[in-house]
Amino acid sequence: MSGASLAQQIDRREQSLSIPALLPDDVIPETPSSKSTIPLLSEEPEAPATGNYTLGEPKKEVAFGAREEFLNPNEDRQRKLNNKLNPKQERPMLPEFYRDQFFGDFRSGSKFVNIIYRDHQAFDGDRIQIRLNGRIVQPDVLLTNQFRGFNIDLEPGFNKIEFTALNQGASGPNTAQFGVYDDQGKLVANNEWNLATGVSAMVIIVKE
């Protein structure tokens with residue numbers, strides 16, 4: 001082989017093994033495998049505020065105006081109570097309230113009777129006095145919404161029990177429900193009264 005042919009072969013090998021240098025501006029293209037397939041975790045969704053709306057819809061504004069129910073519910077209830085206790089609106093003083101009321105006479109063989117009483121309307125300070133045949137047995141009793149009572153020994157024959165209104169409380173008239181039971185717990189009399197101050201309700205028990 002001539003010297004010229006050998007030089008050409010060596011020159012071709014050097015050219016095939018040469019690796020070009022990377023220039024600073026050259027950028028390696030991004031392959032699909034270089035991208036992360038794991039999604040980033042987002043922050044937890046904010047808990048919806050209380051109210052009637054669907055998640056994802058805009059929250060509804062609550063208007064706080066000068067409406068009465070937002071101011072003080074107790075004031076409305078108090079006003080209704082005051083109106084209920086107002087005698088001019090709820091309890092007009094009728095003519096019969098100024099007359100003594102008689103609830104009948106009853107016969108019993110009991111040694112004593114148990115008398116119970118309460119205010120059947122609003123608790124407003126009604127007071128009464130109780131007498132048996134003109135004798136005071138309870139000088140000043142406050143009527144509450146709970147039944148209270150006491151026993152009275154019956155005298156032979158005629159027993160007139162009187163309930164006299166000492167006042168009319170805050171609302172008027174003096175209002176009460178009463179019951180009379182014999183010594184066996186049997187109901188003898190039961191009724192209600194509406195009395196002006198100084199007026200009486202009475203029941204008669206005849207002891208046999």
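A polar contact is a pair of N or O atoms within 3.5 Å, and within protein one of the two must be able to donate a hydrogen and the other to accept it. That definition is needed for one side-chain pair discussed below, in what is a predicted model.

The protein chain has 208 residues, of which 27% count as buried. Its secondary structure consists of 2 helices and 9 strands. Read from the N terminus, the order of elements is α-α-β-β-β-β-β-β-β-β-β. Among contacts in the protein chain with a separation of 6 or more, 72% are made by residues 24 or more positions apart. The exposed area is about 15200 Å², and carbon and sulfur atoms supply 53% of it.

The strands can be taken sheet by sheet. One open sheet holds 5 strands in the order β1-β9-β6-β3-β4, with mixed pairing. Its edge strands are β1 (101–108) and β4 (135–142), each of which pairs on one side only. From one strand to the next, the twist averages 15°. Within this sheet, β1 pairs with strand β9 (residues 200–207) in the parallel sense over 6 bridges. Opposite R107 in that pairing stands V206 of β9.

A loop joins β3 (127–132) to β4, and N133 is placed in it. The phi of N133 is positive, near 50°, although the residue is not a glycine. Most residues other than glycine have a negative phi. With a relative accessible area of 30%, N133 is partly exposed.

Another open sheet has 4 strands in the order β5-β2-β7-β8, and its pairing is antiparallel. Here β5 (148–153) and β8 are the edge strands, each pairing on one side only. Neighbouring strands of this sheet are turned against each other by 20° on average, direction ignored. Strand β2 (residues 112–118) pairs with β5 in the antiparallel sense over 6 bridges. In that pairing, I115 has F150 of β5 as its bridge partner.

On the other end of the strand order, β7 and strand β8 (residues 187–195) pair in the antiparallel sense over 8 bridges. The two strands form a hairpin with 5 residues between them, and G185 in the turn has a positive phi of about 80°.

G179 shows how β7 sits among its neighbours. This glycine lies in strand β7 and counts as buried at 2% relative accessibility. Its bridge partner in β8 is N190. The C-alpha atoms of G179 and A189 are 5.6 Å apart in space, while the two residues are 10 apart in sequence. Leaving out residues up to four places away in sequence, G179 touches N114, I115, I116, A189 and N190. Of these, I115 is also the residue whose bridge partner in β5 is F150.

N174 is likewise found in strand β7. Which side chain does N174 meet in a polar contact? The partner is W193, at 3.1 Å between the side chains, which is within the 3.5 Å cut-off. N174 counts as buried, at 0% relative accessibility. Apart from neighbours within four places in sequence, N174 is in contact with D126, R127, I128, L143, A165, L166, N167, Q168, W193, N194 and L195.

W193 also takes part in an aromatic cluster, together with F103, F163 and F178. The count of aromatic pairs in the model comes to 5. One of these is F163 with F178, a tilted pair with 5.1 Å centre to centre and 35° between the planes. F163 lies in strand β6 (residues 157–165) and F178 in strand β7 (residues 174–181), so this pair ties together parts that are 15 residues apart in sequence. The strand β6 belongs to the sheet ordered β1-β9-β6-β3-β4, whereas β7 belongs to the sheet ordered β5-β2-β7-β8. Both ring-bearing residues are buried: F163 has a relative accessible area of 0%, and F178 has 1% relative accessibility.

Are F178 and its sequence neighbour G179 buried or exposed? F178 is buried at 1% and G179 is buried at 2%. In a regular strand the side chains alternate between the two faces of the sheet.

Notes:
Residues are numbered from 1 along each chain as its sequence is written. This is a predicted model: local features need pLDDT of at least 70, side-chain atom pairs count only at pLDDT 80 or more; totals for chains, interfaces and linings use all residues. Side-chain values use heavy atoms; hydrogens and water are left out. Buried means under 20% relative accessible area, exposed over 50%, partly exposed in between (1.4 Å probe, protein chains only). Contact means heavy atoms within 4.5 Å. Accessible areas come from the Shrake-Rupley method with a 1.4 Å probe; for residues, only the protein chains shown count as cover. Rings of Phe, Tyr and Trp (its six-membered ring) pair if their centres lie within 6.5 Å; planes under 30 degrees apart count as stacked, over 60 as edge-to-face and the rest as tilted. Two strands pair if DSSP finds at least two bridges between them. Axes are lines fitted to C-alpha atoms, for helices over the stretch in contact, and angles run from 0 to 180 degrees between N-to-C directions.
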